[in-house]
Amino acid sequence: MANQHTQPLIGVDTFNWKKWDACTHCGLCLPTCPTYRELGLETDSPRGRLYLMGSAFKEEDATPLNEEWSEYIYRCLDCRACETACPSGVHFGELLEEARSIYEQNASRSVAYRFWTNLVFKQLLPNKERLDLMFELMWLYQRLGIRRIVQKLGILKLMGRLGEMESLLPKIPSPQLKYTIRDITPAKGETRYRVGFIPGCIMNQVFTETNVATIRVLTENGCEVVTPRKQTCCGALHLHNGLRDVASALAKQNIDAFGAVSSSRLPRAGFQDLDAIIINSAGCGAALKEYGVLLENDPAYAEKAEHFSHRMRDISEFLAEIEMIPPTGEIKRRVTYDEPCHLLHGQRVKEQPRKVLQSIPGLALIELTESEWCCGSAGIYNITQPELSQEILERKMVHIAETDADIVATGNPGCLLQIQLGIQKHGLSMKAMHPVNLLDYAYRGIAPEAFLAEE
Ligand code: SF4
Ligand code: SF4
């Protein structure tokens, strides 16, 4: 399967050598890298991975682009902690995603790999109707008690990896809920802002309550919320897995969808008419804020993509920017905050989620040791690298347990699932929640006894 450089690599001409050259090999990023910390190998460090990219893509060196090379490149979490640590401003995430894209264009993957990649990344994630159907079937599977029977009969153990993946499946909310999200939701009281909203693909299927809560919080703060129907998956998972061409096509669809938004003020405006476009998923937010980079060489979209990315805001970032209406409902609970990598390292949003949580009366915010470390979720890392993902999660769980908190707040779907899994495994009486859900409960005066009792 290896490409032995008998012919030039496809896609290597677009590799950003200028950004790659910024690395001075100082090694300051190494102590912040979770895979280097776990495995202790230079090849599993940011500096080592940059070296591997150079050695494979420079013709004079011509290291084979083989499976061993790809193992190191794919063992990276794409957590971007190395970017925060780097004094030279190396855009590691961008380079990594480009490197994976070159690999995917040149490697001959197995039939099984191509089948699953095509199914998940091309047939399901970009297709809202198919995703809706799939998650509605999953909801039925759980709701009709089939899941309990399958678990009791030990069928999952016989299914190997597929069975293990099933155990990661969270409780799917009622499909009805997602259909309550309207194209335009009016502000409560006077309209102070007009914002776009991106519900996401998986986020809208699994964390529908968080999306509904986000819209409620925005309207509570005087926002008219526009949610264009024609938008699609943001392409973050595609980028992380080397499918840049698919990600670019999805980015264009989203830009076009927001390019034709309506609002109560202007019947047909465009995202220029919006004060911001809001996202509540950190991983998606980082990708959406980088559409400008993704499409910089596309003459028809480069400028629009740049404008679109400038309008993107994480929900906590937006609430910290505006004069947020303080909630009055008390949540007298100990809450710790774990930073999603793509919010902290990818978007440099650090204090805003804390500010949102601290606005809730009665809430005691407990600082989490190593809150800036990855939890091991990293997109689909817990599926592609299950053992390493668990080791990284274990490190996180030790610190979470130390806080003795009632709630672990974090603003990314993958982190919420991963941390909840860790909480269950360790038998802790805690719950992982998105900060915006807590804020929404505080606005609505719902007591913690009520929402913590929910399954
Ligand atoms: S992105 Fe994360 S895992 Fe990958 S090299 Fe950087 S710090 Fe290490
Ligand atoms: S990526 Fe940055 S911190 Fe890491 S070795 Fe290169 S210059 Fe140093």
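Visitor: In E9, which residue is the bridge partner of Val-408?

Guide: Welcome! This is a predicted model, where local features need pLDDT of at least 70 and side-chain atom pairs count only at pLDDT 80 or more, while totals for chains, interfaces and linings use all residues. Residues are numbered from 1 along each chain as its sequence is written, and chains are lettered from A and ligands numbered from 1 in the order in which they are written. Strands (E, at least two residues) and helices (H or I, at least four) are DSSP runs numbered from the N terminus, and two strands pair if DSSP finds at least two bridges between them. Strand E8 (residues 407–409) and E9 pair in the parallel sense over three bridges, and the partner of Val-408 in E9 is Ala-432.

Visitor: Which strands are the edge strands of the open sheet with the order E7-E6-E8-E9?

Guide: This open sheet has four strands with parallel pairing. An edge strand pairs on one side only. Here the edges are strand E7 (364–366) and strand E9 (431–433).

Visitor: Which residues of strand E4 point the other way from Ala-276 and Ile-278?

Guide: In a regular strand the side chains alternate between the two faces of the sheet. Strand E4 covers residues 276–279, and all four named residues are buried (20 or more other C-beta atoms, placed from the backbone, within 10 Å of a residue's own). Pointing the other way are Ile-277 and Ile-279.

Visitor: Which residue in E5 does Ile-279 stand opposite?

Guide: E4 pairs with strand E5 (residues 312–314) in the parallel sense, over three bridges. Opposite Ile-279 in E5 stands Asp-314.

Visitor: And in E4, what is the bridge partner of Phe-197?

Guide: Strand E2 (residues 193–197) also pairs with E4 in the parallel sense, over three bridges. For Phe-197, the partner in E4 is Ile-278.

Visitor: How many charged residues are in the shell around ligand 1?

Guide: A residue belongs near a molecule if its C-beta atom, placed from the backbone, lies within 6 Å of it. Ligand 1 is surrounded by 14 residues, the closest being Cys-33, Pro-46, Cys-76, Cys-79 and Cys-82. Charged means Asp, Glu, Lys and Arg; Ala, Val, Leu, Ile, Met, Phe, Trp, Tyr, Cys and Pro count as nonpolar, and the others, Gly among them, as polar. Alongside nine nonpolar and two polar residues, the charged ones number three.

Visitor: Which elements give two or more residues to the shell around ligand 2?

Guide: Of the 14 residues around ligand 2, Cys-23, Cys-26, Cys-29, Cys-86 and Ser-88 come nearest. The elements you asked about are helix H3 (46–57) and helix H5 (81–85).

Notes. A residue is buried if 20 or more other C-beta atoms lie within 10 Å of its own, exposed if 12 or fewer, and partly exposed in between; C-beta atoms are placed from the backbone.
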